[in-house]
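Student: I have a model open on my screen and would like to learn how to read it. Could you walk me through a few features?

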Amino acid sequence: MNQDIESGMRSALRPVAPSDEFSRKLLARVAADPQARPKSYGLMPRSARPLAWWLATSLAACLVLAVGIERHLEQQRLQQSGLEARREVLQALRVTSQKLNLAFEAVKSQSTSLADEKPGL
Amino acid sequence: MNDAGFDVLDEYLAKARSGERAALASLVRAHQRSVYSLALRMLGTRDLAEDLTQDVFMQLNGNLSTIESNRHLGFWLRQVTTNRAIDQLRRRSRVQLTSLDEEQELFCAEDGTDPLLQRHLRALLSDLSPQARAVLLLRYQEDLDPMDIARALDMPINTVKSHLKRSLETMREKTGGIPMRCEDQPT
Amino acid sequence: MRKYTMPMLLALLGPALAWAAPNPKLVMPEFPGLAQKASESVTITLDPTLLSMAGRFLDGNDPQDAATKEIIKGLRGIYVRSYTFDKDTEYAQSDIDAVRSQLSAPGWNRLVETHSRKTRANVDIYIMIDHDQAVGLALIASEPRQFTIVNIIGAIDLDKLHKLEGQFGVPKLDIDESKTPAQEPRKERGSAPPPKS
């Protein structure tokens, strides 16, 4: 009996996957998070190859990296701005609907009081 | 997860710590099911579970450098998810949450456990206190042993064992009469 | 000469025509000093560019995002100023009057003026109508410890806006939380690794 209830629990509590849509959003948000910036790029490894070749390769790599990073950062900035704008829209509408609700509640309670005072109407 | 699986994830963890986004994404994919399920069964609604899941992974992002291994990562995620869920439930203690609205399987489980019983057990879970619920989830969903549960929830081991014992007894009482297995259902 | 007549006329009359058309955008004061006194302040300025950007990041498959997207479709601006204080009457009515006075300009119509004795909140809602369509909304809510000014430019659906409240995680409850004892949150531990097996 003990084993049955425990195995019942294990079956009942098998992990469930979130929706694909949520997974997609989660991955996008984690990727866009500024804390996900690389902590350090590390040093170029030393090489036994000729110095001139090494310098040329390093410079080329740095250039490509710089352009890539700049583009990536720009995209990240755009994404951050977009997410921030979305957050602000939601907050603005939340505040507005809360205050509208205050007004509607006040109107409702005034109507109720009037109805109580003049039941015939 | 087998050892080979852990080795690969350890590699992803190292890469994620040095900023590789693809590696970080792989880690999220590997662990999101567990985190989401914990959040869903602790908090009861999909919206709250999704918010908590996102918060946990965002928090992970800022704490990657403190994670030593994928095994530690799994532990860390379970610990943070359950503790944050317990905090939320304390703050919302008077809000009547709807019953668990996860997808319901309507077929017999592979081990033959009756789906109605499973649904009933999940519903009973939501009646438990947040701490007891967390203990059961870490035990039967995440397969942690009582010592690890005690460490994750910062709870004495005897309290963990007591929660397990009492909760299972309650469940046993309240499921009396419900067929345990599909083949036991009355025809 | 004839081909220049119309452009010249428009150039001459343009400013006058613009002046005649009602402008739903309020001039929001800076509220100097209030931000320091406030325990919480919200300043939101969303012009058409930012609204459009936000729209691209709203997920049509998510109910809350989809409802929000629907509302902001016809909007050209959302401006919010809200200040919350720790004590009653930390702000003066004159702080709000600078905004309120703009609402007596032509085009603005007061939709509702409410006062609640229970919450001690005054909420005034103004609508600007142009050619039988709402083109602007202004809302001023003053409570003992908070005041909020909202200005929305564009075609607004008040009913949709009001119904959004339940979707923003603000539960519609009748619970008296004043009796709830404060509890310390659990610390989120994440540093102790499990023992290596």
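Tutor: Happily; we will look at a helix pair, a chain contact and a sheet. Keep in mind that this is a predicted model.

Student: At what angle do helices α6 and α8 of chain B pack?

Tutor: Compare the directions of the two axes. Helix α6 (residues 130–141) and helix α8 (residues 157–174) of chain B pack at about 90°, and their axes are 9 Å apart. Angles of 65 to 115 degrees count as roughly perpendicular, so α6(B) is roughly perpendicular to α8(B).

Student: Which residues make that contact?

Tutor: From α6(B) come Gln131(B), Ala132(B), Val135(B), Leu136(B) and Arg139(B), while α8(B) brings Val160(B), His163(B), Leu164(B) and Ser167(B). By class, five are nonpolar, three polar and one charged.

Student: How many residues of chain A are in contact with chain B?

Tutor: For a chain contact, count residues on each side. Here 26 residues of chain A are in contact with 38 of chain B. On the chain A side, α1(A) gives the largest share, eight residues. That side has 15 nonpolar, five polar and six charged residues.

Student: What is the strand order of the six-stranded sheet in chain C?

Tutor: Read a sheet from one edge to the other. This open sheet runs β1-β2-β6-β5-β4-β3 with antiparallel pairing. Its edge strands, β1 (40–46) and β3 (108–116) of chain C, each pair on one side only.

Student: Which helix packs on this sheet?

Tutor: Helix α3 (residues 48–56) of chain C does, touching β1 and β2 of chain C. The direction of α3 makes about 95° with that of β2(C).

How values were computed
Residues numbered from 1 in each chain as written. Chains lettered and ligands numbered in written order. Predicted model: local features only at pLDDT ≥ 70, side-chain atom pairs only at ≥ 80, totals over all residues. Axes fitted to C-alpha atoms, helices over the stretch in contact; angles between N-to-C directions. Helix = DSSP H or I, 4+ residues; strand = E, 2+ residues; numbered from the N terminus. Parallel < 35°, antiparallel > 145°, perpendicular 65-115°, else oblique. Contact = placed C-beta atoms within 7 Å. Nonpolar A, V, L, I, M, F, W, Y, C, P; charged D, E, K, R; others polar. Pairing = 2+ DSSP bridges.
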